[in-house]
Amino acid sequence: MLRSIALAFAAFASLTSATPLIYDGRAPFNYTIGDLDNSLDPYLSVVKGIMNASYYTQLHGHALNATPLWSPNLWSPIEQPITISIDNTSVFVPGGSTPQNGFRRTELIAQKYGNHTALNAIADVGTTVFHVSILEELEKPLNMSHEYQIVWIEPNDGTHVFEIQLGSPFTIPTGTVPVSDARFLKVRNHALDLLFETPFTSHDWHNFAVQIDWTNLTLGVFYSTNGEPLKAVTGLVENSSASPGAAGQGDYHFGVLKLPLADPNETAAQQGDVVHFGIQEGDTEALTYSGVFIEGITGGVSAACGKTIAPIS
């Protein structure tokens, strides 16, 4: 517990910003694979296949630079990037129930002081901003014929307050894939309306921040690449299909959730059950993450190291 609190405090102190920091998921350099396997702060690492969490998730130390957005310079990095992968063992069995054979998934869930639910209660109120940066893993590329959900907030009803996607949307039957914008990062609201998309260019860190007004049920999106400061790329967008209050609060996930292709040899009911049925190739695929944190907006929205901008209004 003391180590967990120390890690959380070190991460907390690293954000140079006037905004109140609610959660810091930027992995400090003293965070280890043992911490990951034991779900120590700042991550709950149980959404995975049968292997240890460290089998699916690589901590890079100083071998790879995280997004430069939050470090004073390249010589003073504040975090280590994390690569999250899936393969054919990545079948999650939630709570000892039916295996999710239709999916391949590995995710980290934000948690603080060992309690992800308590974090939700303070992060999912008022207006808060969820940050994340994403880098392509060239040696373990995604199969863009599939749909991937890679960042989202998930309440208990299984919906997503917002999500970031890649690939080709799941359809029954499977159409012509990959679709024309398969290699675009897409931000969608709770109703799955497209709010923003941008090409998933290789070798670039893609930095996102999603502003959520939990009372008025609106979203706004900020975006940049590499060390460029975040800028608003949408106005306020309605998110009224999301549930208000505690029912709409949920866990902050980032990782690789690969949906299947519809299998024409299965029944109509099976094809519609994407969680448990469908076609998966079993390839090893991955994405790399950094810059994960949640903040309030009292002092503005963090745009780059030491710089803030106005919230979307």
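1. Pairing of strands 7 and 8. In this predicted model, strand 7 (residues 147–155) runs antiparallel to strand 8 (residues 162–167), and the two are paired over 5 bridges. Within this pair, Val151 has Ile164 of strand 8 as its bridge partner.

2. The sheet around this pair. Strands 7 and 8 belong to an open sheet of 7 strands, whose order is 2-5-15-7-8-9-10 and whose pairing is antiparallel. Strand 2 (43–47) and strand 10 (194–199) form the edges; each has a single partner strand, so one side of each has no neighbour in the sheet. From one strand to the next, the twist averages 20°. As a general point, strands of a sheet pair through backbone hydrogen bonds, in either a parallel or an antiparallel arrangement.

3. Surroundings of Val151. Leaving aside residues up to four places away in sequence, Val151 touches Val132, Ile134, Phe162, Glu163, Ile164, Tyr252, His253, Phe254 and Tyr289. Its bridge partner, Ile164, is thus also among the residues it touches.

4. Nonpolar cores. The largest nonpolar core holds 48 residues, and the members that touch the most others are Ile134, Ile150, Val151, Phe162, Ile164, Phe208 and Tyr252. A second core, separate from this one, has 13 residues, among them Leu21, Ile78, Leu230 and Ile312. In soluble globular proteins, nonpolar side chains tend to be buried together.

5. Overall composition and dimensions. The protein contains 5 helices and 18 strands. Its radius of gyration is 18 Å, close to the 20 Å that the globule rule gives for 313 residues, so the protein is as compact as a globular protein of that length. The C-alpha trace spans about 55 × 40 × 35 Å along its principal axes.

6. Burial and contacts. Of the 313 residues in the protein, 54% are buried. Among contacts with a separation of 6 or more, 64% are between residues 24 or more positions apart.

7. Annotated domain. An unreviewed UniProt entry carries the annotation "domain: Glycoside hydrolase 131 catalytic N-terminal" for residues 21–298. In the model, this span is 8% helix and 36% strand, and its end C-alpha atoms lie 10 Å apart. Leu21, where the annotated span begins, is a member of the second core.

8. Cis peptide bonds. Which residues are joined by a cis peptide bond with omega of about -10°? They are Ile172 and Pro173, and Pro173 is placed in the loop between strand 8 and strand 9 (184–189). Another cis bond runs from Val177 to Pro178, with omega near 0°. Pro178 likewise lies in the loop between strand 8 and strand 9. This loop follows strand 8, the partner of strand 7 discussed at the outset.

9. Positive phi at His203. His203, a residue other than glycine, has a positive phi near 70°. It is located in the loop between strand 10 and strand 11 (206–213). With a relative accessibility of 62%, His203 counts as exposed.

10. Positive phi at Asn226. Phi is also positive at Asn226, which is not a glycine, with a value near 50°. Asn226 occupies the loop between strand 12 (218–225) and strand 13 (231–232). Is Asn226 exposed or partly exposed? Its relative accessible area is 26%, and Asn226 is therefore classed as partly exposed.

Definitions and conventions:
Residues numbered from 1 in each chain as written. Predicted model: local features only at pLDDT ≥ 70, side-chain atom pairs only at ≥ 80, totals over all residues. Heavy atoms only, no water. Core = buried A, V, L, I, M, F, W, Y, C linked by side-chain atoms within 4.5 Å. Buried < 20%, exposed > 50% of the residue type's maximum accessible area, 1.4 Å probe, protein only. Contact = heavy atoms within 4.5 Å. UniProt positions renumbered as here; feature names shortened; annotations may be inferred. Helix = DSSP H or I, 4+ residues; strand = E, 2+ residues; numbered from the N terminus. Pairing = 2+ DSSP bridges. Axes fitted to C-alpha atoms, helices over the stretch in contact; angles between N-to-C directions. Rg over C-alpha atoms; globule rule 2.2 N^0.38 Å.
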